[in-house]
Amino acid sequence: MQYLQADTQKDNKLNQLDNKNSQAPQTKTLPAIENQSKQQTPAFPTIETNPMRKHPKVDEPSFSESILQGINISGQATIIYQSSSLHLQAGDLKHTDGSNLSQSELNSFQHPSGAATYSADLVLEAKSLKYGYFQIDLQFAHGLGVDANLQGGAMVNNDVMEDAERPYTPYIAKAFYEYISPISNEYNFIIDIGKYGVNDFFDIGKDVSDQTTQFINQTINNNGAFDYVQDLDGHGYTYGVRLGLYNDLFGIDAAFFSSDANMQNFTKKYSVVLGVTFTPEWYPGIKSAYQIYAFNNFGEYARFDNQGNLVSQDVDAINTADNKDNLSKAGFGISLNHSFPHGVNLFAKYGRQDDRRDVRHYQDMDESYMLGFDIHGENWSRENDVFGLAYEIGRLTGNHRKAHEKGYSGLFDRRGGIGAGNYADERVLEVYYKFAITHYINISANYQWVNNFYYSRIIGDVHFVSGRLNISF
């Protein structure tokens, strides 16, 4: 089912709304990751106060603390048009027996010359010192993206969230409650329960997490080797409980997430994620953030054997609540986010996961390295503009690599194999410039060079050029 091949998570899409509010001239002199005073907010990172995970307006001094009056409504809309240079030729893809796909078969994998995607959010949130924090995010997404027919290791448009069976239906992306309880003079206990994204708390990165205003490649926004779970609608969110213990400098997170929306499978197919976060303040008012996390997804995977075959109890049921596979999959990731004065930010990610298992939720990758930076426009008298550049290396290893060379069908349509000996690590270079027309309207130009697209040295280089319009309120 195509929509699950395009599984994405906006990774707290609302960052871009908060960025708009934080980019006024009097605050923009603090680059990227801003630290509010202890008098205004608790001195520990939570989903609404963590400098990596802010929500719009709720932490501003003017926001009411009354549960009745302290209600905020915000939103955004994004259009992305993207072109592709992919042109498959005879010999690029092969059948399991090593023979070449025919031209008519190749045509089914060919990219169109261009494609548009659309997304929008309407967010209702409320915050009270007595009652805690509430959020509901009603979301809409349409368009399968320019790479819908053949996705490489790195999906080139992270804003693709369409459910192909219900392409015009809005859905509730997030609906959760958060409560904070001090347990000493230094530490606070946090609980979040409801529906949200796994990487609202894990794989953090404020300047590399929001495809509506920042980078749009999926494995640059999110760790490509983190097969984080989500429900079966393909929008990137799921149900769960997260527990956190934080002080000014350190934090520990433990979370439980469902792997699909079927409550009958809640205790059979699930994920447990643990993380440790370090948030030092290197400069006055500027915090960096570093995190290491590990995950184990239980009870839903098939395996790759030594010959590169996908061994599943029912391949046709992989994307359904009736999935019969029951193996588990583990991995870990590291996120590094370092801020400098004058709006310069450096970020890096590394991830690794079990290559003996297939992919069920996220990108087709066993190992990922990413390094990048952005520079904010205060340096050239354009307060709200941003220039960003990132480079990522994606890798398949072990039996998973053999399966990709041979060709197989699972969550991803890999029936077109690349042939033995044709594997090469996939490399992505992405560059973008965001031009702020106003605080609420911006346009972006984006270029991606994907080397060894589809992990194939035969296919080689593919180029993607994008234009983006984002409006927020």
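A residue is called buried here when its relative accessible area is under 20%, exposed when that area is over 50%, and partly exposed in between. The structure to which these terms are applied is a predicted model.

By this criterion, 60% of the 473 residues of the chain count as buried. The secondary structure comprises 22 strands and six helices. Of the contacts between residues at least 6 apart in sequence, 71% join residues at least 24 apart. The surface that the chain exposes amounts to about 17100 Å², of which carbon and sulfur atoms supply 60%.

Charged side chains offer a way into the details of the fold. Side chains of opposite charge can pair when their charged atoms come close. The structure holds 17 salt bridges. In one of them, the side chains of Asp203 and Lys349 meet at 3.3 Å, N to O. Asp203 lies in the loop between β5 (188-196) and α5 (218-221), whereas Lys349 belongs to strand β15 (residues 344-353), so the pair ties together parts that are 146 residues apart in sequence. Both Asp203 and Lys349 are buried.

Another salt bridge joins the side chains of Asp325 and Arg360, with an N to O distance of 2.7 Å. This pair also links distant parts of the chain: Asp325 is in the loop between β13 (310-311) and β14 (327-340), Arg360 is in the loop between β15 and β16 (367-376), and the two residues are 35 apart. Asp325 and Arg360 are both buried.

The salt bridge between Asp355 and Arg352, at 3.8 Å from N to O, brings together side chains that fall in separate accessibility classes. Asp355 has a relative accessibility of 13% and therefore counts as buried. Arg352, at 25%, counts as partly exposed, because the partly exposed class lies between the 20% and 50% limits. Elsewhere, salt bridges link Glu178, Asp192, Arg242 and Asp253 in a network.

The strands can be followed through their pairing. β16 runs antiparallel to strand β17 (residues 386-395), and ten bridges connect them. Within this pairing, Gly372 has Ala390 of β17 as its bridge partner. Strand β17 is also joined to strand β20 (residues 426-436), again in the antiparallel sense, by nine bridges. Here the bridge partner of Gly388 is Tyr432 in β20. Strand β17 thus pairs with β16 and with β20. In a regular strand, the side chains alternate between the two faces of the sheet.

Terms used: Residues are numbered from 1 along each chain as its sequence is written. This is a predicted model: local features need pLDDT of at least 70, side-chain atom pairs count only at pLDDT 80 or more; totals for chains, interfaces and linings use all residues. Side-chain values use heavy atoms; hydrogens and water are left out. Helices (H or I, at least four residues) and strands (E, at least two) are DSSP runs, numbered from the N terminus. Buried means under 20% relative accessible area, exposed over 50%, partly exposed in between (1.4 Å probe, protein chains only). Contact means heavy atoms within 4.5 Å. Accessible areas come from the Shrake-Rupley method with a 1.4 Å probe; for residues, only the protein chains shown count as cover. A salt bridge is a side-chain nitrogen of Lys or Arg within 4 Å of a carboxyl oxygen of Asp or Glu. Two strands pair if DSSP finds at least two bridges between them.
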